[in-house]
Amino acid sequence: VEFIQYKQTVYKQLLIDNPSNSNDGDNDDNAKLCPKTQLSKLEFAPCIPKSTIVYDENDDLKTKALKLYKKYIQVGSEWEINVSSGLRRTLQWRFESNYSRSNTDDNDMPLK
């Protein structure tokens, strides 16, 4: 549920940043950037809680992605999900290598 909420948040942010990406036209570039999918239209029942990570207005999209990585994908995380070893290595490289070298406050979060 949190990953779907995150994807919807990214999609909405792309539309806010560039309204021409609404995919109402026939522009193939827009279709690649913001595909009009059932996911973008999916609404959860009111009893489904909103993710505190995804709906934290103080964090940017990169920080939210890092928090989701640490919660669900990082080896040894409390809620670790089963993903292929290749995907896990790719995500480890993307999040642990890139964020550990970053000196900005937004990304200066310990990974463990």
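## Glu-80 and Arg-88

At a relative accessibility of 37%, Glu-80 counts as partly exposed. Its value falls between the limits of 20% and 50% that separate buried from exposed residues, so Glu-80 belongs to neither of those classes. The model described here is a predicted one. In this model, the side chain of Glu-80 meets that of Arg-88 in a salt bridge, with an N to O distance of 3.5 Å. Arg-88 is buried, because its relative accessible area is 11% and the limit for burial is under 20%. The bridge thus pairs a partly exposed acid, Glu-80, with a buried base, Arg-88.

## Overall fold

The protein contains five helices and zero strands. Read from the N terminus, the order of elements is α-α-α-α-α. The protein has 112 residues, and 29% of them count as buried.

Contacts between residues at least 6 apart in sequence give a view of how the chain folds back on itself. Of these contacts, 51% join residues that are at least 24 apart.

## Other salt bridges

The structure has three salt bridges in all. One of them joins the side chains of Glu-2 and Lys-71, at 3.0 Å from N to O. Glu-2 is in helix H1 and Lys-71 is in helix H4, so this pair ties together parts of the chain that are 69 residues apart in sequence. Glu-2 is buried, at 10% relative accessible area, whereas Lys-71 is partly exposed, at 28%.

Another salt bridge is formed by the side chains of Lys-67 and Asp-59, with an N to O distance of 2.5 Å. Here the acid, Asp-59, is buried, with a relative accessible area of 17%. The base, Lys-67, counts as partly exposed at 25%.

## Surroundings of Glu-2 and Ile-53

Glu-2 has its place in helix H1. With neighbours within four places in sequence left aside, the contacts of Glu-2 are Ser-51, Ile-53, Val-54, Leu-68, Lys-71 and Tyr-72. Lys-71 in this list is also the salt-bridge partner of Glu-2.

Ile-53 can be described in the same way. Apart from residues within four places in sequence, Ile-53 is in contact with Glu-2, Lys-64, Lys-67, Leu-68 and Lys-71. Glu-2 and Lys-71, which meet in a salt bridge, are therefore both among the contacts of Ile-53. Lys-67, another contact of Ile-53, is the residue bridged to Asp-59.

## Nonpolar core

The largest nonpolar core is made up of eleven residues: Tyr-6, Ile-53, Val-54, Ala-65, Leu-66, Leu-68, Tyr-69, Tyr-72, Ile-73, Leu-91 and Phe-95. Helix H4 (61-73) and helix H5 (85-101) are the elements that give two or more residues to this core. H4 has the largest share, with six residues.

Leu-91, a member of the core, lies in helix H5. It is buried, with a relative accessible area of 14%. Not counting residues up to four places away in sequence, Leu-91 touches Tyr-69, Ile-73 and Glu-96. Two of these, Tyr-69 and Ile-73, are themselves members of the core. Leu-91 and Leu-66 are 25 residues apart along the chain, and their C-alpha atoms are separated by 9.9 Å.

## Pockets

The largest pocket holds about 290 Å³ of space. It is lined by 13 residues, and those nearest its centre are Phe-3, Tyr-6, Ile-73, Leu-91 and Phe-95. Tyr-6, Ile-73, Leu-91 and Phe-95 also appear in the largest nonpolar core. Helices H1 (2-17), H4 and H5 each supply at least two of the lining residues. By class, the lining has eleven nonpolar residues, no polar ones and two charged ones.

The second largest pocket holds about 220 Å³. Its lining consists of 13 residues, with Gln-8, Leu-42, Glu-43, Phe-44 and Tyr-55 closest to the centre. H1 gives the most to this lining, contributing three residues. The classes here are seven nonpolar, three polar and three charged residues.

Terms used. Residues are numbered from 1 along each chain as its sequence is written. This is a predicted model: local features need pLDDT of at least 70, side-chain atom pairs count only at pLDDT 80 or more; totals for chains, interfaces and linings use all residues. Side-chain values use heavy atoms; hydrogens and water are left out. A nonpolar core is a set of buried Ala, Val, Leu, Ile, Met, Phe, Trp, Tyr and Cys residues joined through side-chain atoms within 4.5 Å. Buried means under 20% relative accessible area, exposed over 50%, partly exposed in between (1.4 Å probe, protein chains only). Helices (H or I, at least four residues) and strands (E, at least two) are DSSP runs, numbered from the N terminus. Contact means heavy atoms within 4.5 Å. On a 1 Å grid over the protein atoms alone, a cavity is a set of points where a 1.4 Å probe fits but cannot get out, and a pocket is an open set with protein on both sides within 12 Å along at least five of seven lines; lining residues have an atom within 4 Å of a point. Grid points are joined across faces, edges and corners, and a volume is the space filled by probe spheres set on the points. Ala, Val, Leu, Ile, Met, Phe, Trp, Tyr, Cys and Pro count as nonpolar, Asp, Glu, Lys and Arg as charged, and the others, Gly among them, as polar. A salt bridge is a side-chain nitrogen of Lys or Arg within 4 Å of a carboxyl oxygen of Asp or Glu.
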